[in-house]
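Subject: The structure you asked about

Hi,

Here is the structure to look at. Have it open next to this email while you read.

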Amino acid sequence: MAPTKADLEAARNATIEDVLGPGLDVLFCGINPSLYSAATGHHFARPGNRFWPALHLSGLVPRRLAPSEQQLLPAYGLGITNIVARATARAYELAPEELRVGGERLARLVAEVRPRVLAIAGVSAYRVAFARPAARIGPQEDAIGGTALWVLPNPSGLNAHWRLEDIAAEMARLRPPRS
């Protein structure tokens, strides 16, 4: 059942647990949870968000997972976190300082978890959080905590100039080589 308007308002500033596990190939990082995600407790849960369909189309998981199945991700070598933990209706509600502090927290988490790749979904937030104003989608020259860094398009349905197929293609580039 979809959250009610009251559920969404009650989720303002709430947080969602990270999805982590040992030996992650890719740690996906959103900007921050939507109110819908915070109300459900699932990352990228808002209807219209293209994260889960793109993840499947990329080949990183064998079938399309629902947000409620996020706990299955570590078995595929995948995890999820956010730059800023608190939920808002829109990412633009976050102050630049909040993004910078979130970037510092993310660097500490990455140093602890040590995924093979950190994939940040949202170039604008990455630019602010890590003071990289010229950053573009794709692999970055910088590493965070010794971890390779990749910036992906934001999968939000509000990011209309990126098609689902293009987001999936960027995600597919994260796939570890087959042995």
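Below is what turned up, starting with the overall layout and then moving to individual side chains.

One thing to keep in mind: this is a predicted model. As for what it might be, an unreviewed UniProt entry carries the annotation "domain: Uracil-DNA glycosylase-like" for residues 17-173. Over that stretch, the chain is 30% helix and 18% strand, and the C-alpha atoms at its two ends are 26 Å apart.

**The sheet**

Try finding the strands to begin with. There are 5 of them in an open sheet, and the order across it is E2-E1-E3-E5-E4, with mixed pairing. Which strands stand at the edges? They are E2 (78-82) and E4 (138-144); each has a single partner strand, so one side of each has no neighbour in the sheet. If you look at how neighbouring strands sit against each other, they are turned by 25° on average, ignoring direction.

Now zoom in on E2 and its partner E1 (residues 26-30). These two pair in the parallel sense, over 5 bridges. Phe 28 has Ile 80 in E2 as its bridge partner, and Cys 29 stands opposite Thr 81 in E2.

Are the residues of E2 buried or exposed? Although E2 is an edge strand, 5 of its 5 residues are buried, so the rest of the structure largely encloses it. Its residues point two ways: Leu 78, Ile 80 and Asn 82 go one way, while Gly 79 and Thr 81 go the other.

Part of the surroundings is helix H4 (residues 96-113). H4 lies across E1, E2, E3 (117-121), E4 and E5 (147-152), and runs at about 155° to E2.

**Aromatic rings**

Next, the rings. A pair of aromatic rings is described by how far apart the centres are and by the angle of the planes. This structure has 4 such pairs, and two of them make a nice contrast.

Phe 28, which you met in E1, forms an edge-to-face pair with Phe 51: the centres are 5.2 Å apart and the planes are at 85°. Phe 51 is in helix H3 (residues 51-57) and Phe 28 in strand E1, so this pair ties together parts that are 23 residues apart in sequence. Both Phe 28 and Phe 51 are buried.

Phe 51 has another ring partner, Phe 44, and that pair is stacked, with 4.1 Å between the centres and 10° between the planes. Phe 44 is buried as well. If you show the rings of Phe 28, Phe 44, Phe 51 and Trp 52 together, you'll see a cluster linked by ring pairs.

**Salt bridges**

Side chains of opposite charge can pair when their charged atoms come close. How many salt bridges does a search of the whole structure find? It finds 10. Here are three to look up.

- Arg 12 and Glu 93 meet at 3.2 Å, N to O. Arg 12 is in the loop between helix H1 (5-10) and E1, and Glu 93 is in the loop between E2 and H4, so the bridge ties together parts 81 residues apart in sequence. Both are partly exposed, Arg 12 with a relative accessible area of 31% and Glu 93 with 32%.
- Arg 116 and Asp 25 have their closest N and O atoms 4.0 Å apart. This pair also links distant parts of the chain, 91 residues apart: Arg 116 is in the loop between H4 and E3, and Asp 25 is in the loop between H1 and E1. Arg 116 is partly exposed at 37% relative accessible area, and Asp 25 is partly exposed at 24%.
- Arg 163 and Asp 166 meet at 3.2 Å, N to O. Arg 163 is partly exposed at 48% relative accessibility, and so is Asp 166 at 29%.

There is also a small chain of partners to trace: Glu 9, Arg 12 and Glu 93 are joined into one network by salt bridges that share partners.

**One last spot**

For something on the outside, go to Ala 131, in the loop between helix H5 (123-129) and E4. Ala 131 counts as exposed, at 54% relative accessibility. From there, Val 26 is 22 Å away, C-alpha to C-alpha, and the two are 105 residues apart in sequence.

Have fun exploring!

Note on methods
Residues numbered from 1 in each chain as written. Predicted model: local features only at pLDDT ≥ 70, side-chain atom pairs only at ≥ 80, totals over all residues. Heavy atoms only, no water. UniProt positions renumbered as here; feature names shortened; annotations may be inferred. Helix = DSSP H or I, 4+ residues; strand = E, 2+ residues; numbered from the N terminus. Pairing = 2+ DSSP bridges. Axes fitted to C-alpha atoms, helices over the stretch in contact; angles between N-to-C directions. Contact = heavy atoms within 4.5 Å. Phe/Tyr/Trp six-rings, centres within 6.5 Å; stacked < 30°, edge-to-face > 60°. Buried < 20%, exposed > 50% of the residue type's maximum accessible area, 1.4 Å probe, protein only. Salt bridge = Lys/Arg side-chain N within 4 Å of Asp/Glu carboxyl O.
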